[in-house]
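Me: I would like to go through this structure slowly, with a few questions and reasoned answers.

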Amino acid sequence: MKVLKFGGTSVGSASNINNVISILDKKSKDGKVIAVVSAVGGITDKLLAAGNLAIKKDEAYKDVFTEIQNVHVTLVKQLIPSENEAIIAAIENKFKDLKSLLEGLYLLNELTPKISDKLVSFGELMSSYIITKCMFARSLDVVRKNSQELIITNSNYGDADVELTLTEKNIQTYFKASESLITILPGFVAKNQDGEETTLGRGGSDFTASIIAAALNVEILEIWTDVSGMYTANPKLVKQAVPIEQLSFQEAMELSHFGAKVLYPPTVQPVLDANIPILIKNTMQPNDAGTKISDETKASIKNPVKGITHINDIALLTLQGPGMVGIPGFSKRLFETLANEKINVIFITQASSEHAICFGIDIRDSQTAQNVIDKTFEYEITLKKIEPILVETGLSIIALIGDNMKNYQGISGRMFSTLGKNNINVRAIAQGASERNISAVIDESDIKKALNSLHERFFEVQTKQLNVFIVGVGNVGERLIDQIEQQHGFLKEKLKIDVRIVGMANSRKMVFNNEGIDLENWPSAFDFAEQSNLERFFNKVIELNLRNSIFVDITADEKVSDWYAHYLRNSIAVVACNKIACSGAYDTYENLHNLALSYNTAFLYETNVGAGLPIINTLNNLVASGDKVTSIQAVLSGSLNFVFNHFGDHTNFHDTVKRAQFEGYTEPDPRIDLSGIDVARKILILARENGGKMEIEDIENESFLTTANLESSSVDDFYDTLKEDESHFQHIYASAKANNCQLKYVAEFKDGKAKVGLREIPEGHPFYNLEGKDNIVMFYTERYPEQPLIVKGAGAGADVTASGLFADIIKIGNK
Ligand code: ADP
Ligand code: ASP
Ligand code: MG
């Protein structure tokens, strides 16, 4: 004999009911089957809604009633297409009772727990009736038994306690005599000894099935639902969750107690006592393996954490005061007070100083709890030995579950470091003595992020999701998006990094997609974009609250870099090719580094110097490994290099600069490059990375431009002055040529001082043959005293800058 339970979704549509019927038909080939069914999905809620509208004298209850009736009549018509008149008439007759019950409520203005039970019982009574009739119409050997005649409870309406001995006897007697191959019973419903209708509490159909399974000592209890087992986390919130193959009874109990709704917590007890395994199966995917719950514990399981679960709507209550230590029987009085009000305590922690006790309860109980506790300790409160109870709301509990966790070290360490890294504030912590459960109280708004980051940490160690937000989708941004799109598969497979772009903005528009923007057609995402705004961009990133978020700045805009600190303070990493922050005031530079450190995140800007070349990284490695940099000699301006490599006998200076700008080698304002300020900023950044507390004013900058060039009021004006001063530039060129030298704009750092300027480089010098837009940096250090460590290559251009940004993003992924 087998007991199967089918939940609301499983009986929620004609096609699902057809699945149920075929499962039962198949099972009955091997012997008798008992099926416990829930109400059609959503009907329990609708019945309650109708009742609540009726008592508020809201006529809309009639619409809800009609809707409920239609759902059922439609089901019958779909399941039994012909000769269904008698069944429909019978159903409509039953609905007359529901109608008069609702009319009564409309007059009475009151929905007592007793009437409420009568009301919601309609759901299960109706679904079990329809399914039985349908199976009968298909000539199956089926009978319906009303569980209200078997399951007897006390009169605790809404969540009644079962009189087990009597109930078991009823079940055994009935099934002993029953000859039908298939028996259908409504779940959830029961009666008290006076014959009044009661219910077993929301989700209680599982319990009905479990009681029957235990009473008949069947070999297995099967819970058929809308997911393929108990998952490593709620699959609706964690996409990567997977079904758990096997669980112990205790683990299942903890998981369901802590919110895995797939199993109603009391369900486990009767079958645990009788040592009957539970199998959780998916009605819509009957071939999936599902989850087996039994007393077996598999010792060889690699991961001691079995599942992550959570409960929302938690209130955290703290009772504290200097006098608490001395008050005898303190905890007893506290918890007795709660027990008297039937308030369930979900979570307790007490500091070992005994100065405070903190516990979590359902938020709906918090007002009552506050009143009764303050009353219990009224005397101590007036004596100021205890403070009135503190109530905090908007919280959730998140818990890791696993029998085997106690045998492993460092699980809670990993749990809390993961939460910390993702900027999730932990309000309270509890670990059961069994160590089967480690729980933390966090803000409800952090739940999705917490579940996903813990899930990633404990179950998907292989892949790490990076959520990227890009501001500045211009030339470089486009290249970066293309590179990410191209490399996505490789990174996921080889480096186990899943890079998604979740938000992007240009100067006009911004767009977000929680699931990651489709990178194949990303420009079309902007079609529906909203107007761009840095503050709203930031707020959206915070609101999305995704793990491993990375803000990428591909602008040259100070207004954007002003936001870095905000991002870092929220543990959001910052990757920038914008060099304003690192070359602005030293305090800003230092502050951003400190923020990254204290919020356990990253601030990376490799592309600030030499685009994609690993210059900053190389310097960081030299310093970190204890080498001492004695001097740095560098050509750091791709644009100036381009200009001086093309300027000569057959060109004029103005046109050469124009061309450099046209080909994308200069900043939007070419004066930033030509004045040497951009190079000065770069050597300043290198000096700072080397530990120097320098400001931009400390960098000596001998400009090769004329005063008129330097004082130009706009970019156009600047170009005009270049034309006018052509002879000045020709003169510079002629001098170099006469000396058989090449012109290079050189940055130097030595003895704590830095300078930049145009130099005539003689033949044979490593800078002499530097081509096109290339950069070169020579590090002279204690370990590289004569032959410097040289980094050389393209130091400007959209592709290489994008790949430098990409490298920083991946570096964060590898952290
Ligand atoms: P039924 O109506 O079949 O009793 P429920 O809605 O009560 O189904 O329970 C199944 C639902 O439980 C799933 O659809 C899922 O949203 C939710 N759930 C929460 N946590 C988990 C988990 N860890 N594993 C599986 N399902 C879970
Ligand atoms: N129909 C009831 C509910 O929704 C019982 C159940 O489905 O288990 O809570
Ligand atoms: Mg359920």
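What follows is a set of questions and answers on domains, cores and ligands.

Reply: This is a predicted model, in which local features need pLDDT of at least 70 and side-chain atom pairs count only at pLDDT 80 or more, while totals for chains, interfaces and linings use all residues. Residues are numbered from 1 along each chain as its sequence is written, chains are lettered from A and ligands numbered from 1 in the order in which they are written, and side-chain values use heavy atoms, with hydrogens and water left out.

Me: What distance separates the centres of domain 1 and domain 4?

Reply: The domain assignment, which is automatic or comes from a database, places domain 1 at 2-218 and domain 4 at 625-795. Taken over C-alpha atoms, the centres of these two domains are separated by 82 Å.

Me: Which helix gives the most residues to the largest nonpolar core?

Reply: A nonpolar core is a set of buried Ala, Val, Leu, Ile, Met, Phe, Trp, Tyr and Cys residues joined through side-chain atoms within 4.5 Å, where buried means under 20% relative accessible area, exposed over 50% and partly exposed in between, with a 1.4 Å probe and protein chains only. The largest such core has 79 residues, and Phe537, Phe603, Phe653 and Phe704 have the most contacts inside it. With helices taken as DSSP runs (H or I, at least four residues) numbered from the N terminus, the one that gives the most, seven residues, is helix α26.

Me: Is Thr418 buried or exposed?

Reply: Thr418 lies in helix α13, which spans residues 411-421. Leaving out residues up to four places away in sequence, Thr418 touches Ser453, Leu454 and Arg457, contact being heavy atoms within 4.5 Å. Because its relative accessibility is 7%, Thr418 counts as buried.

Me: How much of the accessible area of ligand 1 does the protein cover?

Reply: A nitrogen atom of ligand 1 lies 2.8 Å from a backbone N or O atom of Tyr231, and an oxygen atom of ligand 1 is 3.0 Å from an N or O atom in the side chain of Lys236. On its own, ligand 1 has 570 Å² of accessible area (Shrake-Rupley method, 1.4 Å probe). Of this area, the protein covers 89%.

Me: Which residue has a polar side-chain atom 2.7 Å from a nitrogen atom of ligand 2?

Reply: The residues around ligand 2, with a heavy atom within 4 Å of it, include Ser38, Glu124 and Gly204. The side chain of Ser38 has an N or O atom 2.9 Å from an oxygen atom of ligand 2. The residue with a polar side-chain atom 2.7 Å from a nitrogen atom of this ligand is Glu124.

Key:
Helices (H or I, at least four residues) and strands (E, at least two) are DSSP runs, numbered from the N terminus. A polar contact is a pair of N or O atoms within 3.5 Å; within protein, one must be able to donate a hydrogen and the other to accept it, and residues adjacent in sequence count only if both atoms are side-chain atoms.
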